[in-house]
Amino acid sequence: MGCTNKVTVLALIAGLVVPALALAADNDHATIQVTAVLATNRAKAKPKAKEVDPRLHVLKSQLRRFPFRNYKLLRMESYDLRRSDQCGVELPGSRYLQVTAVERTPQYLKLRIILNQNNRPVMAAQVSLQGNSRVLLAGPRTDDGTLLVAIGAKGPR
Amino acid sequence: MITCNDFAERLDLYLDHRLARDEQLSVDRHLHDCDACSALAGRHQERQVILRTAVTDVVAAVDVSGLWGAVHRAIEHDVPAKRVRAWWVPLRDWLRGAGGWTAPAWLTPLRLTGWAAAAVAAIVFVAFGLRAPGTPRVQVAERQPAVSMSKPGSQLHNVRVDSLQASEGHTVATWMQPHTGAQIIWVADADAAAGR
């Protein structure tokens, strides 16, 4: 086999293998978005207005159902995770939220969520998210109010 | 416009999200204006959370991780296997019934299947293969798009909490907001849950 033929065969193999690997990698990859919100019931200058940070418009319908008046965006971060990858978000009150991608299938994304406070785990949950869905972690109190954290999946389907 | 008394009468329905949409909006407006009613609703909602949390604490002590697998296996086990009668059995019985006739070697089930397939192929060939040139063929129905697993806007319904644990001194509960379908995991200090 001549040198040109070898190069041609290698190019053909690369042409078949590389897209396959890219596709496999794409299926294994997921983007998650973590949105931390501080909810309070402070008196407002305009009593009729419910103060929701405009950047939280995606969560507005869910936030309205909580018994709070003011919703302030603390953090909004996106992370690209592959299987077993993890990310962390610092939260007020010496808290730290750790999210690990456990499993990624075409149907769902399985996440392990651990909330730590003062370097000790407070809560651990495993959730499966279908499509671009999200789960809301709520309740931790701070001096300023109550924390709400939305953890959502975004990514290729 | 509803008054504080109207709200008090509707409090239970409001907390259970069972008010009609227009009534819900009226109550929401009233709660924006009235600090006393808003505080009352907040207290009741917090108690609801504590109650759910307490129930969940008890439930969380039971390991149900293998429950669904066991349920599925039980269902599959309990469904009686459908008895499928081979298609050639009636034919064989009929032939046997006709004077004790014994089926020849070429009429064994496997060979009979082969004969049947050949017959179907011949019929198809005659029906479609000998068609005059230019005769329009049967049009194949256009393939329908795959059905989406989730309706637009209902993405929050597609969350499943597989497991949930809280460390000592904390309680955790999960529930779904009835109107939005949002899955909530509520974490609270045990002191707060106990009402202290």
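A residue counts as partly exposed when the number of other C-beta atoms within 10 Å of its own falls between the limits for exposed, 12 or fewer, and buried, 20 or more. B:Asp6 has 15 C-beta neighbours inside 10 Å, so B:Asp6 is partly exposed. The model is predicted. Chains A and B meet through 30 residues of chain A and 31 residues of chain B. A seven-stranded open sheet includes strands of both chains.

**Around B:Asp6**
- B:Asp6 sits in helix H1 of chain B, which covers residues 4-15.
- B:Val27 is 21 residues away from B:Asp6 along the chain. Their C-alpha atoms are 9.0 Å apart.

**The side of chain B that touches chain A**
- Two helices and three strands of chain B each supply at least two residues here: helix H2 (21-33), helix H3 (35-60), strand E1 (159-166), strand E2 (170-176) and strand E3 (183-189).
- E1(B) gives the most, with eight residues.
- By class, this side of chain B has 14 nonpolar, 14 polar and three charged residues.

**The shared sheet**
- The strand order is E2(A)-E3(A)-E1(A)-E9(A)-E8(A)-E3(B)-E2(B), and the pairing is mixed.
- The edges are strand E2 (51-52) of chain A and E2 of chain B. Each of these edge strands pairs on one side only.
- Strand E8 of chain A (residues 134-141) and E3(B) run parallel and are joined by four bridges.
- A:Leu136 has B:Ile184 in E3(B) as its bridge partner.
- B:Ile185, also in E3(B), stands opposite A:Leu137.
- Strands of a sheet pair through backbone hydrogen bonds, in either a parallel or an antiparallel manner.

**Nonpolar cores**
- The largest nonpolar core has 46 residues. Those touching the most other members are A:Leu137, A:Val149, A:Ile151, B:Trp186 and B:Val187.
- A:Ile151 is in contact with A:Ile32, A:Val34, A:Val99, A:Leu111, A:Ile113, A:Arg134, A:Val135 and A:Leu137, leaving aside its neighbours within four places in sequence.
- A second core is separate and has five residues, including B:Phe7, B:Tyr14, B:Val27 and B:Cys37.
- In soluble globular proteins, nonpolar side chains tend to be buried together.

**Residues that recur**
- A:Leu137 is among the core members with the most contacts to other members, and A:Leu137 also faces B:Ile185 in E3(B).
- B:Val27 belongs to the second core, and its C-alpha atom lies 9.0 Å from that of B:Asp6.

Key. Residues are numbered from 1 along each chain as its sequence is written. Chains are lettered from A and ligands numbered from 1 in the order in which they are written. This is a predicted model: local features need pLDDT of at least 70, side-chain atom pairs count only at pLDDT 80 or more; totals for chains, interfaces and linings use all residues. A nonpolar core is a set of buried Ala, Val, Leu, Ile, Met, Phe, Trp, Tyr and Cys residues joined through C-beta atoms within 7 Å. Two residues are in contact if their C-beta atoms, placed from the backbone, lie within 7 Å. Ala, Val, Leu, Ile, Met, Phe, Trp, Tyr, Cys and Pro count as nonpolar, Asp, Glu, Lys and Arg as charged, and the others, Gly among them, as polar. Two strands pair if DSSP finds at least two bridges between them.
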